[in-house]
Structures are given as structure tokens and as C-alpha cells.
Amino acid sequence: MNTLRKEPRSSPAAASWTEVDEDDADQRIDNFLVRTLKGVPKSHLYRLLRTGQVRVNSRRVEATYRLQPGDRVRLPPVRAAMPHGREPGSAGPSIARLSPHALLEDNALLVIDKPAGVAAHGGSGVSRGAIEQLRAERPDLRFLELVHRLDRDTSGVLLLAKKRSALTNLHAQIRAGEVKKSYLVLVRGDWSNDRQHVRLPLSKHLTTSGERRVSVSDDGSPSHTVFTRLRGFPGYTLLHAELVTGRTHQIRVHLAHLGFPIAGDDKYGDFTLNKSLPRLGLKRMFLHAARVEFRHPTSGEMIAVEAPLAQALGRFLGSLEQSGSTASPP
């Protein structure tokens, strides 16, 4: 008995050829295919490479091959299978449209105010993240890549590059420590220092359940955060955090290690406190990427992009102010 195949299959149409330009150069062929053949599962793309249906300059290549300017890529005819009930070109039901969250866009950059609850990219049980969503919403963009990442539950400024040259330039700025990232964060406890430099090395590890975690460790990578006290509330303190280095979960782990867990942090926070927060109006982690400063990759002009504090976080601060000691941690 024949069964319907859910993966894309070749159609009778002829293959097409595309020439690699400067913007597409120096990327792996598998990543190029993901962006070019939108909606086609990666497993099928790798099969096309293995069987030689995708070729570069008429030759078979490995998935790790990096494209060069002038390379001619053969693209076989494929049809992306759509989930039941979804029309081609649909952005999908899992994430609300992100284009309305744009803070800045020009010929090199797209900067959005990422909502909390949206992963920066798919993977680890997340079928679609911000990058996949925006590629679906903006099929006019030949190139779109994340410049950096934000945790799923962190809202705020997220940079994406519309040109490979812009991506390379911004990555070089990040490595040189020239990109400044500032966050607003609410912690449990009374933070007394007006300004404090925290230098604690961080190390990654996996839990017994296979989840990624970060902890302070003497043999970890050097990590530096500068915290500035903005305002105190009963049982809480609002801080400004500036990343000097950009390690995974750096702000969250530094604060938790110092005894000032972030309100609503489900990985490193105070779990007893977190259970009480939804009834007080906080249903997410209070960590917001408020501002990013960098040199524009094309003009060289200094750019500062800001994202206003998410409404849910602003309302929670208002409730703390009004309720006084009633909102203090248990």
C-alpha cells in the first residue's frame, strides 16, 4: 500500500543555477541551502548533497564546503511540504509576526524588539525561532542572519544582518569588545552598591537530564559584568547591567551566585519566589535587553538602538510601587 510522503520531493521541473555573490560567499553550502530552499527540511537538503543533486561548479561537495564568489550552485527542483491547513508563504501559527517589532532597518541591518517567549533560533525542542520567523515573513531578503542571540525569556534589542559583509563586520566588533549591550534586570534582595564590577569565570555543563547550565568555576572563561543600582523596591532592586564579556547566561549566573537571583528566572532563580510572582503580575523573567551600541557596518557611524521596557515588566514595577511591603518576597 502506498503512503503519502511528508518530505519534499523532486518535481518534473528543471534544475536551476545560481551564482554566488559577495554577500553569500564564505558560508557553508548547507546553510546556504537552508536559506535558499525555504521550507525544505534539513534532512532532505543533506540527502540532496549526498546524492549529488546539489552541485557547485558541476562538482559534488560536502555539506561543510564554503562558497566562494563566482561559484555556480545547481539547485534541484524541490517542493516544500506544508503542514496540514497551511498555505504556502504562511509564516506559521506558532509565533506572532515579528516585522511590526522592527526598531531599525536599512540596507544592511534589521533590528527588532524581540518579545519574551520567542527563541532567537529554532532547535532544542523549538520548531521556529525569531530568525526562521523573519525569513518566512521576509522572503524578499536573500540573506538574513542573527548577529547575536538573546535567551528565549529575555525581551529587547536583537540585531540581524541583511548582508554577509555586515555580519562579518559586526562579529569583528563583538570580538573586539566594541559592541555595548545594556540590560534592565530586577533582582530579589536589597542591592546596596551604586556601581559594582563583577568578574566571575563561567563554565558550561549538562545536567543529568541533558539540559545546558552555566556555573561559576575557577577554570571557566573570564566573565565581566558591570551592575548599576537604579531603584529599590520592597524586597527587590532594579539594576542596569552592562556586558563587558558576552558569555552564555552571564547576567543570570553572576546575579544568582551573588545571592540576587533574577525575578522569574526558571533556571537559576529562587523557585519558591517564582511560584508567587504570577499572582503579583510577573509571568516571565525580568530581564530586558534595553540598548545596543555599535558602529554601523556600512557607514561607520556610531548607532545606539533602544527598546522600551516591555509593558508587562513596567506594570509589575508599578504594582511593586503601589503595594509596598505586600509584594515583598516570602
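These exercises with worked solutions concern one chain in a predicted model.

**Exercise 1. The chain as a whole**

Task: State how many helices and strands the chain has, and what share of its residues count as buried.

Solution:
- Step 1. The secondary structure consists of 7 helices and 15 strands.
- Step 2. The chain has 330 residues, and 43% of them count as buried.
- Step 3. About 17300 Å² of the chain is exposed, with carbon and sulfur atoms supplying 48% of that area.
- Step 4. Among contacts with a separation of 6 or more, 65% are between residues 24 or more positions apart.

**Exercise 2. The surroundings of Asp265**

Task: Decide whether Asp265 is buried or exposed, and find which side chain it joins in a polar contact.

Solution:
- Step 1. Locate the residue: Asp265 sits in the loop between helix H5 (250-257) and helix H6 (271-280).
- Step 2. Its relative accessible area is 1%. Buried means under 20%, so Asp265 is buried.
- Step 3. The side chains of Asp265 and Arg252 are joined by a polar contact of 2.7 Å.
- Step 4. The Asp265 side chain also reaches the backbone nitrogen of Lys267, at 2.9 Å.
- Step 5. Beyond its neighbours within four places in sequence, Asp265 is in contact with Arg252, Phe271, Asn274 and Met285.

**Exercise 3. A second partner for Arg252**

Task: Arg252 also takes part in a salt bridge; find which parts of the chain this pair ties together.

Solution:
- Step 1. The salt bridge is between the side chains of Arg252 and Asp266, at 3.8 Å from N to O.
- Step 2. Arg252 belongs to helix H5, while Asp266 lies in the loop between H5 and H6, so the pair ties together parts 14 residues apart in sequence.
- Step 3. With a relative accessible area of 4%, Arg252 is buried. Asp266, at 47%, counts as partly exposed.

**Exercise 4. Helix H7**

Task: Check the length of helix H7 against the expected span, then find which of its residues are buried.

Solution:
- Step 1. Helix H7 covers residues 311-323, which is 13 residues.
- Step 2. The rise is 1.5 Å a residue, and the expected span uses one less than the number of residues. The result is 18 Å.
- Step 3. The end C-alpha atoms of H7 are 18 Å apart, which agrees with the expected span.
- Step 4. The buried residues of H7 are Leu313, Phe316, Leu317 and Leu320. They cover an arc of only 100° around the axis, so they lie on the same side of H7.
- Step 5. The face turned away from this buried side carries the exposed residues Gln311, Arg315 and Gln322.
- Step 6. Packed against the buried residues of H7 are several elements, including strand S7 (155-161), strand S8 (180-188), H6 and strand S14 (287-295).

**Exercise 5. Other salt bridges**

Task: Find how far apart in the chain Arg295 and Glu178 are, and which residues are linked in a network of salt bridges.

Solution:
- Step 1. The structure holds 15 salt bridges.
- Step 2. One of them is between Arg295 and Glu178, whose closest N and O atoms are 2.7 Å apart. Arg295 is in strand S14 and Glu178 in the loop between helix H4 (164-175) and S8, 117 residues apart.
- Step 3. Arg295 is partly exposed at 30% relative accessibility, and Glu178 is partly exposed at 37%.
- Step 4. Asp30 and Arg28 form another salt bridge, with closest N and O atoms 2.7 Å apart. Here Asp30 is buried at 5%, whereas Arg28 is partly exposed at 27%.
- Step 5. The network of salt bridges links Glu105, Arg138, Asp140 and Lys162.

Note on methods:
Residues numbered from 1 in each chain as written. Predicted model: local features only at pLDDT ≥ 70, side-chain atom pairs only at ≥ 80, totals over all residues. Heavy atoms only, no water. Helix = DSSP H or I, 4+ residues; strand = E, 2+ residues; numbered from the N terminus. Buried < 20%, exposed > 50% of the residue type's maximum accessible area, 1.4 Å probe, protein only. Polar contact = N/O pair within 3.5 Å; in protein donor to acceptor, adjacent residues only side chain to side chain. Contact = heavy atoms within 4.5 Å. Arc of directions from axis to C-beta. Salt bridge = Lys/Arg side-chain N within 4 Å of Asp/Glu carboxyl O. Areas by Shrake-Rupley, 256 points an atom, 1.4 Å probe, with all protein chains shown as cover.
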